[in-house]
Amino acid sequence: MIDKNVVKKIVDEWLADKEYFLVDVEISADDKIVVEIDHADGVWINDCEELSRFIEDHLSRDEEDYELEVGSAGLGQPFKVAQQYVNCIGKEVEVLDGEGRKLKGTLKSVEGNEFVVTVNEKVMVEGKKRPQKMDVDHRYRMDEVKYTKYIISFK
């Protein structure tokens with residue numbers, strides 16, 4: 001079976017002088033290798049082809065037969081790495097927290113393993129009889145949410 005760390009090392013070598021970043025490497029029991037990369041401005045098919053050829057040049061099919069798939073992290077799919085959060089600052093996201101609550105808001109900031117989502121919600125204000133709509137910041141840790149994903153909007 002092909003070692004995941006070997007594939008990651010090959011991908012990291014290709015990424016070294018580029019603005020792309022590695023999202024995930026998965027290797028199935030039957031040696032299907034799936035590599036996901038991303039970029040702040042999106043992923044070009046030519047770059048996926050180039051990375052695929054680079055990986056094939058560094059792995060020997062004589063030693064281990066494999067199937068290789070290189071692509072971009074899917075739009076609307078849950079984030080897997082911190083750089084995906086950074087790239088979506090200012091954009092609308094959906095968060096499913098560790099307790100199963102789902103909210104939609106604007107990704108305001110990212111610091112280390114924490115991120116803040118601003119949600120316009122009704123809040124009781126002292127001196128008012130009815131709740132008022134206000135922006136409320138919700139702070140999360142990436143490793144404590146079930147998922148965070150970019151919301152595709154055609155507005």
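T106 touches G90, K91, E92, V116, V117 and T118, when residues up to four places away in sequence are not counted, contact being taken as heavy atoms within 4.5 Å. The model in which these contacts occur is a predicted one, in which local features need pLDDT of at least 70 and side-chain atom pairs count only at pLDDT 80 or more, whereas totals for chains, interfaces and linings use all residues. Residues are numbered from 1 along each chain as its sequence is written, and side-chain values use heavy atoms, with hydrogens and water left out. T106 itself is placed in strand β5 (residues 102-111), where helices (H or I, at least four residues) and strands (E, at least two) are DSSP runs numbered from the N terminus. The C-alpha atoms of T106 and G90 are separated by 5.8 Å, although the two residues are 16 apart along the chain. With a relative accessibility of 35%, T106 counts as partly exposed, a class that lies between buried (under 20% relative accessible area) and exposed (over 50%), as evaluated with a 1.4 Å probe and protein chains only.

For the protein as a whole, three helices and eight strands are found, and their succession along the sequence follows the pattern α-β-β-α-β-α-β-β-β-β-β. The radius of gyration is 20 Å, well over the 15 Å that the globule rule gives for 155 residues, so the protein is more spread out than a compact globule; the radius is taken over C-alpha atoms, and the rule is 2.2 Å times the number of residues to the power 0.38. Taken along the principal axes, the box filled by the C-alpha atoms is roughly 75 × 30 × 25 Å. Buried residues make up 37% of the 155 residues, and the accessible surface comes to about 10100 Å², of which 45% belongs to carbon and sulfur atoms, the areas being obtained by the Shrake-Rupley method with a 1.4 Å probe, and for residues only the protein chains shown counting as cover. Of the contacts with a separation of 6 or more, 51% are accounted for by residues 24 or more positions apart.

An open sheet of three strands has the order β1-β2-β3, with mixed pairing, two strands being regarded as paired if DSSP finds at least two bridges between them. Its edge strands are β1 (21-27) and β3 (67-72), each of which pairs on one side only, and the twist averages 15° from one strand to the next. Strand β2 (residues 32-38) is joined to β3 by six bridges, and these two strands run parallel; within this pairing, the bridge partner of K32 in β3 is E67. Helix α1 (residues 4-15) packs on the sheet, touching β1 and β2, and its direction makes about 155° with that of β1, where axes are lines fitted to C-alpha atoms, for helices over the stretch in contact, and angles run from 0 to 180 degrees between N-to-C directions. Helix α2 (residues 45-58) likewise packs on the sheet, touching β2 and β3, with a direction that makes about 150° with that of β3.

S52, found in helix α2, touches L68 and V70 when residues up to four places away in sequence are not counted, and S52 is buried, with a relative accessible area of 17%. D31 lies in the loop between β1 and β2, where its phi is near 60°, a positive value in a residue other than glycine; at 6% relative accessibility, D31 also counts as buried. Q83, by contrast, lies in helix α3 (residues 82-87) and is partly exposed, with a relative accessible area of 35%. Between Q83 and F21, which are 62 residues apart in sequence, the C-alpha to C-alpha distance is 7.8 Å.

The largest nonpolar core has 21 residues, and those with the most contacts inside it are V7, V11, I33, V35, I37, L51 and I55; such a core is a set of buried Ala, Val, Leu, Ile, Met, Phe, Trp, Tyr and Cys residues joined through side-chain atoms within 4.5 Å. The elements α1, β1, β2, α2 and β3 each give two or more residues to this core, and the largest share, five residues, comes from α1. Leaving aside its neighbours within four places in sequence, I33 is in contact with I2, V7, E26, I27, L59, Y66, E67, L68 and E69. A second, separate core comprises 14 residues, among them V95, L107, V119 and Y140.
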